[in-house]
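Visitor: I would like to learn how to read a model of this kind, feature by feature. Could you take me through one?

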Amino acid sequence: MQCDFFLGATSLILDGDASILSLQQVCINGEEISGDTKMQVEQDKLTIHNVTEPAEIRITTRFNAKENTELAGLYKSGDNFCTQCEAEGFRRITYFPDRPDVMSTYTTTIHADREKFPVMLSNGNLVSKQKVSSKDSSMHSATWHDPWPKPSYLFALVAGNLTATRDTFCTQSGKNVDLVIWTDPHNAHLTAHAMYSLQRAMKWDEDRFGLEYDLDLFNIVAVDDFNMGAMENKSLNVFNSRLVLASPDTATDLSYEQIESVVGHEYFHNWTGNRITCRDWFQLSLKEGLTVFRDQEFTMDLHSRPVARINDVRNLRSRQFAEDKSGMSHPVRPISYEKIDNFYTATIYEKGAEVIRMYYTLLGKEKFRKAIDLYFERHDGQACTTDDFFAVMSEVSSVPLDGFERWYTQAGTPVLKASSEYLKDTQQLRLSLQQVLPTPPEAHPVEHMGPQFIPVSTGLLDDNGNDLPLTSYSYQEDSGQTITTTVDQGTTTAVLPFKAFSGEFLINNVPQKPAAVSLLRDFSAPVVLHYNQTAEELQHLAKHDSNPFNRYESTQKLARLAISASYYQESNHATTFNEALATTHGNALEREDNSKTVTKLDPAAVAQMLSLPSIEELGPLLIQDITDSPKDPLLDPLLLNGVRTQAIQTTAEAIENDLLQTFNATTEALHQLEYEPHGVQTGLRSLKGQIINRLVALDEHKHANRAHAMFETATNMTERMMALTALSHSTSNYRTDALDQFYQRWRTEQLNVIAWLGVQARSEVVNNVSKVRALLSHESFDMRTPNKVYALIGGFSTSPANFHAADGSGYEFLADSVLAVDQINPQVSARLLGPFTTANNYQPLYRDGMVQQLLRLERASLSGNASEIVGKALR
Ligand code: HT7
Ligand code: ZN
């Protein structure tokens, strides 16, 4: 490997991980050096003394890739070699300044056995490939050169017996790019969707951002053993095979969607991450937040914008809002970390993307594009900071962005309190706003907390459900001066720029008292909104709001209020909100008379409206945010789970006939269609899945047979898994029969086996922990394969009834598993520990159970990755 970089000091300090590397030789300008006066090797670095610039340094290291079970650096997946260098894997291959602001060009030569490793890949272009000249040698070599300077974390190398699926893409300037997806030979037939996704991503980036691919070759390699989803190495993306391989029998609609989105995400990194990279790892969200925003927009442009937005917000609320209430709470730009691998978090990714979306909302589509163009003009080829990005946005924005930068530095989810009053005399609506910020976490202190810039997207509805036209709004500044802003004619949504701790907006020329106020349309800021609304107002919004996100949000709010009232035993409220919720669900299921469509609304949107907020979403809301003063700041997860299940049952009972009718209608409609993982049929399946779950939850004796029939007649993995999921929570014999059938039929398909492990792990059946423990020794399980560990152990922790079992058996299982996994792969064990980081939110019975296991883990000699999470969970 040849790396060009400049030396600034006479002592050159290179990062390296002595737990895996054995240093063989160091040569400077062709001469070997040795001895303490010349160099020193320590656990995490190599120091070479008295180096004069310029110098050629040649370092030879040895390590055993086969035993590299951490899957960082160069490792073996099956019979193939591959690398994972982000964030600090390169230092497990050789000694190097392994930091993102050191950008170098790389030439890589790989030598390997011809038969075992016919394919040898690295970044850039293939310069040469040859057999080793001696007659009896079975070796060959390949040399690759990447002309683009890059940080070491984007380096990649792959060698193995892989089969290529090839296609091409012609760029906007007429250049032909070769596209290749490499897989194990028996999986080559499963790559069509990933290839098509790549071509669509390349075209979309040109159309939407004017960004063209900058090399002649783009490779994707699918590997079975991978710690995360995928990796954007320059021109040689490496993917977890579950995010590449798909057929109707191995992938669900959701997997198809994820493949498209992750293929897009990694491709989009070529500009946002690779061409402009991060100065240091504190800036991680610079590339990740922006690239998630880009992949979200890609999905929205290709499919339904509101459905995608709702999915993204659900994901944000259940993962990132929960993280904000945990020992892992940190700002989008963290100020400290022990192991950077632990900071690939929902805050960096999903909240980071929300921050970019707020710029987008404030600047508007055209100016945002102008700002992105300026970002590339100014910073292409550089290692940058989030401040650089903010500067570019501020320069182009016509709205001053003061206070916006605090989204990067202040941790936690702001609570936005709103109240409104109609002023008949002046025909104005007064909207009073207040923002309450959480106390900064100990690890990320902020000296002077200031208000964050919250864009509040607002609309007003009349009695018939129509939007009232908006003309202008006024705001009184701290100075006492009132500023009036005129909105474009015909506008029915205004983005109110709220930058203070408290303030009042007056919406002018409102001729009548609005029937309902629609706040935070499209979820215009990642906040928790407190706004008192009656069940009638929420029902009105759920039925008529022109903003589909807020139609959904109103049903969710009804559900949250119903669940919260039951949780706090406020039976009158519970009845009111449960009834309103059931009516809203019934309305959502309405179909047009004499129409062939299953529902009036998009069935995908109906499925979302029918779904209740997850436990992860409800937990943080209940203990702090759902009402101004929570009755108990500590959560009882079993009670919450029980109350949520009850809400599912009560509402299902009230509309059982509608559910059955729609279930039959979706079955009939789907029967006419050949499976495709897109279009209206995905919505129909998602609605059918939602309904079968509700029905089995309502009464398994009555409906488990329906789920079993759905399982047996399914012609695709989506419906099969939906039916299996519904059955997995029941105790009927149908459950065991379906699980056995599934395994017998699909045991040779690794992705199906992983899904089979996951569905059993997530089951809510009482005392499921013993079944999951038994699965650890099942022939299909392997503790060294992250996908299987995440499915079985990670899946188990998402079952509230079993993870939080009152006897502590769920917590004990997680701790036992962490201890075992940590010996093999610390990045994975650290991720498994996530559910313990919210220990302090729970009532003593649960908190003490978790703490007991955390203390047990603390006493064991854990990896640095796992220790950091245990420490934060115990704080
Ligand atoms: N940028 C990639 C991050 C990643 C990663 C980080 C730590 C350890 C293993 C990893 N594999 C991939 C993925 C992405 O966001 O695109
Ligand atoms: Zn990324």
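Guide: We will go through the metal site, the ligand shell, a helix and some backbone angles, keeping in mind that this is a predicted model.

Visitor: Which residues coordinate the zinc ion (ligand 2), and what spacing do the donors follow along the chain?

Guide: As general background, four tetrahedral donors have ideal angles of 109.5 degrees, while six octahedral ones have 90 or 180 degrees. In this model the zinc ion (ligand 2) is coordinated by NE2 of His-265, NE2 of His-269 and OE of Glu-288, at 1.9 to 2.1 Å, and along the chain these donors follow the spacing H-x3-H-x18-E. Water is not among the atoms, so the site may look incomplete.

Visitor: Are the histidines His-265 and His-269 buried or exposed?

Guide: His-265 has a relative accessible area of 7% and His-269 one of 0%; because buried means under 20%, His-265 counts as buried, and His-269 does too.

Visitor: Which residues are the closest to ligand 1, and how many surround it?

Guide: The shell around ligand 1 holds 15 residues, the closest being Glu-86, Glu-232, Glu-266, Glu-288 and Tyr-349, and it divides into six nonpolar, four polar and five charged residues. A side-chain N or O atom of Glu-232 is 2.7 Å from a nitrogen atom of ligand 1, whereas Glu-266 places a side-chain N or O atom 2.8 Å from an oxygen atom of the ligand. Glu-288, which also coordinates the zinc ion, has a polar side-chain atom 2.9 Å from an oxygen atom of ligand 1. Taken alone, ligand 1 exposes 390 Å², of which the protein buries 97%. Strand S18 (230–231), helix H2 (253–268) and helix H3 (284–302) each give two or more residues to this shell.

Visitor: What is the reach of helix H10, and how many of its residues are buried?

Guide: An α-helix has 3.6 residues a turn, so residues three or four places apart point the same way. Helix H10 (residues 548–567) has 20 residues and reaches 29 Å from its first C-alpha to its last, close to the expected 28 Å; 19 of the 20 are buried, so H10 is largely enclosed by the rest of the structure.

Visitor: Where are the cis peptide bonds at Pro-54 and Ala-87?

Guide: Most peptide bonds are trans. Here a cis bond joins Glu-53 to Pro-54, with omega about -15°, and Pro-54 lies in the loop between strands S6 and S7. Another cis bond runs from Glu-86 to Ala-87, with omega near -5°, and Ala-87 is in the loop between strands S9 and S10.

Methods:
Residues are numbered from 1 along each chain as its sequence is written. Chains are lettered from A and ligands numbered from 1 in the order in which they are written. This is a predicted model: local features need pLDDT of at least 70, side-chain atom pairs count only at pLDDT 80 or more; totals for chains, interfaces and linings use all residues. Side-chain values use heavy atoms; hydrogens and water are left out. Donors are N, O and S atoms within 2.8 Å of the metal (3.2 Å for Na, K and Ca); water is not among the atoms, so sites may look incomplete. Buried means under 20% relative accessible area, exposed over 50%, partly exposed in between (1.4 Å probe, protein chains only). A residue is near a molecule or strand if one of its heavy atoms lies within 4 Å of it. A polar contact is a pair of N or O atoms within 3.5 Å; within protein, one must be able to donate a hydrogen and the other to accept it, and residues adjacent in sequence count only if both atoms are side-chain atoms. Accessible areas come from the Shrake-Rupley method with a 1.4 Å probe; for residues, only the protein chains shown count as cover. Helices (H or I, at least four residues) and strands (E, at least two) are DSSP runs, numbered from the N terminus. Ala, Val, Leu, Ile, Met, Phe, Trp, Tyr, Cys and Pro count as nonpolar, Asp, Glu, Lys and Arg as charged, and the others, Gly among them, as polar. The expected span of a helix is 1.5 Å times one less than its number of residues.
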